[in-house]
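Here are some exercises to work through with the structure open in your viewer. Try each task before you read its solution.

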Amino acid sequence: MEWQISFYNQKVESETLSFPAGILANFIHIAEMIEEFGPALGAPYTKAMGQGLFEIRAKGKEGIGRSFFCMVKGKEVIILHSFIKKSQKTPAKELNLARKRLKEVKS
C-alpha cells in the first residue's frame with residue numbers, strides 16, 4: 001500500500017461508512033485499488049472534476065454513491081465529501097461543498 005486515504009473530518013468518515021452495504025462494498029474496493037495503484041484509476045472508478053478535485057464513483061444495487069477527494073503532499077488522498085446520488089446530474093450544492101473543502105485543504 002503506497003497511497004494513504006484519510007477523511008476531511010469525522011463527519012465525512014461516518015457519512016461515507018454509512019453508505020448502504022452494496023455501495024459501501026464497492027467504495028471499499030475502489031479505495032483499496034487507490035491505495036495500491038494510486039488515484040488515477042479512471043472510468044468507471046474515478047473521474048476528474050477539475051481544479052484538483054476528483055470523485056470516487058461507487059455503485060451498488062441500492063444506487064450510486066459519490067465521494068469527492070483531492071491529493072495532497074506525498075501520496076495522500078483526502079476524502080472531502082460523500083453523498084448518495086439521487087439524480088442524473090451531480091447537485092451543485094454537493095460539488096460546491098467539496099470545492100470549499102478543497103480550498104481549505106490546499107491553503
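Helices here are DSSP runs of H or I with at least four residues, numbered from the N terminus. Keep in mind that this is a predicted model.

**Exercise 1. Salt bridges within a helix**

Task: Find the salt bridge between Lys100 and Glu104 and work out how far apart the two residues sit in helix α3.

Solution:
- Step 1. Start with the general idea: side chains of opposite charge can pair when their charged atoms come close.
- Step 2. Check the distance. The cut-off is 4 Å from a Lys or Arg side-chain nitrogen to a carboxyl oxygen of Asp or Glu, and Lys100 and Glu104 come in at 3.5 Å, N to O.
- Step 3. Place the pair. Helix α3 spans residues 92-106, and Lys100 and Glu104 are four residues apart in it, so about one helical turn separates them.
- Step 4. Look at the surroundings: Glu104 is partly exposed because its relative accessibility is 38%.
- Step 5. Now try helix α1 (residues 10-17), where Glu15 and Lys11 are also four residues apart, about one turn. Their side chains form a salt bridge at 3.0 Å, N to O. Lys11 is exposed at 51%, while Glu15 is partly exposed at 24%.

**Exercise 2. A salt bridge across the chain**

Task: Say which parts of the chain the Lys75 and Glu2 pair links.

Solution:
- Step 1. Get the distance: the side chains of Lys75 and Glu2 meet in a salt bridge of 2.6 Å, N to O.
- Step 2. Locate both ends. Lys75 is in the loop between β4 (63-72) and β5 (76-85), and Glu2 is in the segment before β1 (4-7). That puts the partners 73 residues apart, so to speak in distant parts of the chain.
- Step 3. Compare with the accessibility classes: Glu2 counts as exposed at 54%, and Lys75 as partly exposed at 39%.
- Step 4. Put the pair in context: a search of the whole structure turns up six salt bridges.

**Exercise 3. Classifying an aromatic pair**

Task: Decide whether the rings of Phe54 and Phe69 are stacked or edge-to-face.

Solution:
- Step 1. Recall that a pair of aromatic rings is described by the distance of the centres and the angle of the planes.
- Step 2. Read off both values: 5.5 Å centre to centre and 20° between the planes.
- Step 3. Apply the cut-off. Planes under 30 degrees apart count as stacked, and the Phe54 and Phe69 pair is stacked.
- Step 4. See what the pair does in the chain. Phe54 belongs to strand β3 (residues 53-60) and Phe69 to strand β4, so the pair ties together parts 15 residues apart in sequence.
- Step 5. Check burial: Phe69 is buried at 0% relative accessibility, whereas Phe54 is partly exposed at 22%.

**Exercise 4. The nonpolar cores**

Task: Find out which element supplies the largest share of the largest nonpolar core.

Solution:
- Step 1. Size up the core: it has 16 residues, and those with the most contacts inside it are Ile5, Phe27, Ile34, Ile56, Val77 and Ile79.
- Step 2. List the contributors. At least two residues each come from α2 (21-37), β3 and β5.
- Step 3. Pick the winner: α2 provides the largest share, seven residues.
- Step 4. Inspect α2 itself. Its buried residues include Leu24, Phe27, Ile30 and Ile34, and the buried residues of this helix pack against β1, α1, β2 (46-50), β3, β4 and β5.
- Step 5. Zoom in on Ile79, whose contacts include Ile5, Phe27, Ile56 and Phe69.

**Exercise 5. Thr46 and its strand**

Task: Work out whether Thr46 is buried or exposed, and what stands opposite Thr46 in β3.

Solution:
- Step 1. Thr46 is found in strand β2, and β2 pairs with β3 in the antiparallel sense over four bridges.
- Step 2. Across from Thr46, in β3, stands Ile56.
- Step 3. Use the cut-off: buried means under 20% relative accessible area. Thr46 has 6%, so Thr46 is buried.
- Step 4. Look at the neighbours: Thr46 touches residues including Ile34, Pro39, Leu41 and Phe69.
- Step 5. Finish at the hairpin of β2 and β3. Two residues lie between the strands, and Gln51 takes a positive phi near 55°.

Methods: Residues numbered from 1 in each chain as written. Predicted model: local features only at pLDDT ≥ 70, side-chain atom pairs only at ≥ 80, totals over all residues. Heavy atoms only, no water. Buried < 20%, exposed > 50% of the residue type's maximum accessible area, 1.4 Å probe, protein only. Phe/Tyr/Trp six-rings, centres within 6.5 Å; stacked < 30°, edge-to-face > 60°. Core = buried A, V, L, I, M, F, W, Y, C linked by side-chain atoms within 4.5 Å. Contact = heavy atoms within 4.5 Å. Pairing = 2+ DSSP bridges. Lists of a residue's contacts leave out its neighbours within four places in sequence.
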